[in-house]
Amino acid sequence: MKSASALRRLEIPGIAVFEPGEGDLPRLAVRSTLAEAHIYLHGAHVAHFQPRGKDSVLFMSQRSLFAADKPIRGGVPLIFPWFGPRANHPESPAHGFARTAEWQIESLTEDGDGVVTAAFELTADDRTRALWPFDFKLSYRVAIGRTLTLTFEVENIGSEPFTFEDALHTYFTVADVRQTATSGLENAEYVDKTDKLQRKTQGPEPIRITSETDRVFESTRTTCILDDPGMHRKITVEKSGSQTTVVWNPWIAKAAALADFGDDEWPKMLCIETCNAGANALTLAPGKTHSTRAVISVS
């Protein structure tokens, strides 16, 4: 991690500064004419995004653990190089190691329209090779304006191909998840992780949450719109470089079983995740780069 003085040299006075966050973990705080945001160096984790004049967009659990060896619950965890439990490796950490790694911030800029962009980087080291024996470079750009644009790039800097999964595991704040409707995945097939991985079809209607929901929609590139009448808004998630969308809410029992998630918080959130996972895992040849991008807007 860069020293405190090196971080200060990157700051944009009055707009983007580094400060102690929850658990004293260092974070970037952006307060511009367009939006506010918090990004932790731990996991390059976007924990807050709020366009000016609008409500906060991202859900954060009040019981999230802000510790150097733990993932942060809520916001936008970065998932790499596997999604969920690693196949045939039960000892490996769920969702990979990117979300608990300490990222380097490489640059911090403001363009002529007032959009602030923070660029982060993570490369393979002895810790990552002990878990996953490949050489890689991860680049992550977070552009904060009236929209939140997240661009996650994976580069193979080794001498052999590797296969990976990735995700922008985004948690959205809602008034009551039972009153929401998520459109864009009508008539799409999905794997139901709450029902023994059965393959099902969504049907022609938007997704409504009526029970624990964990649906992996494969081979889909469509835009999703989260309609939240309780907050009088719609959240749009446009994506590119992603062939998987996951829709998740833990509901009552699963929420109670999660140590870093409040028992009564499940009605206030819905995850719409921009991924390449499962059947859509990617294989990257040496010298090649893949980019996964999500653009989040509120109306």
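**Buried, exposed, cavity, pocket: checking the labels**

Author: Arg-99 is found in the loop between β5 and β6. Strands like these are DSSP runs of E with at least two residues, while helices are runs of H or I with at least four, and both are numbered from the N terminus. This is a predicted model, where local features need pLDDT of at least 70 and side-chain atom pairs pLDDT 80 or more, whereas totals for chains, interfaces and linings use all residues. Residues are numbered from 1 along each chain as its sequence is written, and side-chain values use heavy atoms, with hydrogens and water left out.

Reader: Okay, why is Arg-99 called buried?

Author: Buried means under 20% relative accessible area, exposed means over 50%, and partly exposed is in between (1.4 Å probe, protein chains only). Arg-99 has 17%, so it counts as buried.

Reader: What does Arg-99 touch, leaving aside its neighbours within four places in sequence?

Author: Contact here means heavy atoms within 4.5 Å. By that test Arg-99 meets His-42, Gly-43, Pro-71, Leu-78, Ile-79 and Ala-94. As for Glu-22, 77 residues apart from Arg-99 along the chain, the two C-alpha atoms are separated by 16 Å.

Reader: Pro-93 lies in the loop between β5 and β6. What makes Pro-93 partly exposed?

Author: Its relative accessibility is 31%, which falls between the two cut-offs, so "partly exposed" is the label. Outside its neighbours within four places in sequence, Pro-93 is in contact with Trp-82 and Leu-131. The C-alpha atoms of Pro-93 and Leu-131 are separated by 8.9 Å, with their positions 38 residues apart along the chain.

Reader: The loop between β5 (78-79) and β6 (104-110) also holds Pro-81. How do you know which way the peptide bond from Phe-80 to Pro-81 goes, cis or trans?

Author: Look at omega: it is near 0° for that bond, and the bond is cis.

Reader: What about Asp-228 in strand β17: why does it count as buried?

Author: The value for Asp-228 is 2%, so it passes the buried test. Not counting residues up to four places away in sequence, Asp-228 touches Thr-173, Val-174, Ala-175, Thr-180 and Arg-233. Val-177 is 51 residues apart from Asp-228 along the chain, and their C-alpha atoms are separated by 8.0 Å.

Reader: Which label does Leu-197 get, buried or exposed?

Author: Leu-197 comes out at 54%, so it is exposed. Leu-197 belongs to the loop between β14 (189-192) and β15 (198-201). It has a positive phi of about 60° although it is not a glycine.

Reader: And Ser-219, what makes it exposed?

Author: Ser-219 has 54% relative accessibility, so it counts as exposed. Its place is in the loop between β16 (213-218) and β17 (224-228). Ser-219 is not a glycine either, and its phi is positive, about 55°.

Reader: Now the holes. Why call one thing a cavity and another a pocket?

Author: On a 1 Å grid over the protein atoms alone, a cavity is a set of points where a 1.4 Å probe fits but cannot get out; a pocket is an open set with protein on both sides within 12 Å along at least five of seven lines, and lining residues have an atom within 4 Å of a point. A volume is the space filled by probe spheres set on the points, which are joined across faces, edges and corners. The largest pocket has a volume of about 430 Å³. It is lined by 25 residues, and closest to its centre are Arg-73, His-95, His-169, Trp-248 and Lys-254.

Reader: How many cavities of 30 Å³ or more does the structure hold?

Author: One. The largest cavity has a volume of about 30 Å³, and its lining includes Thr-222, Cys-224 and Lys-239. β20 gives the most to that lining, with three residues.

Reader: Last one: what makes the protein chain as compact as a globular protein of its length?

Author: The radius of gyration is taken over C-alpha atoms, and the globule rule is 2.2 Å times the number of residues to the power 0.38. The chain has three helices and 22 strands. Its radius of gyration is 18 Å, close to the 19 Å that the rule gives for 299 residues, so the protein chain is as compact as a globular protein of that length. Of those 299 residues, 56% count as buried.
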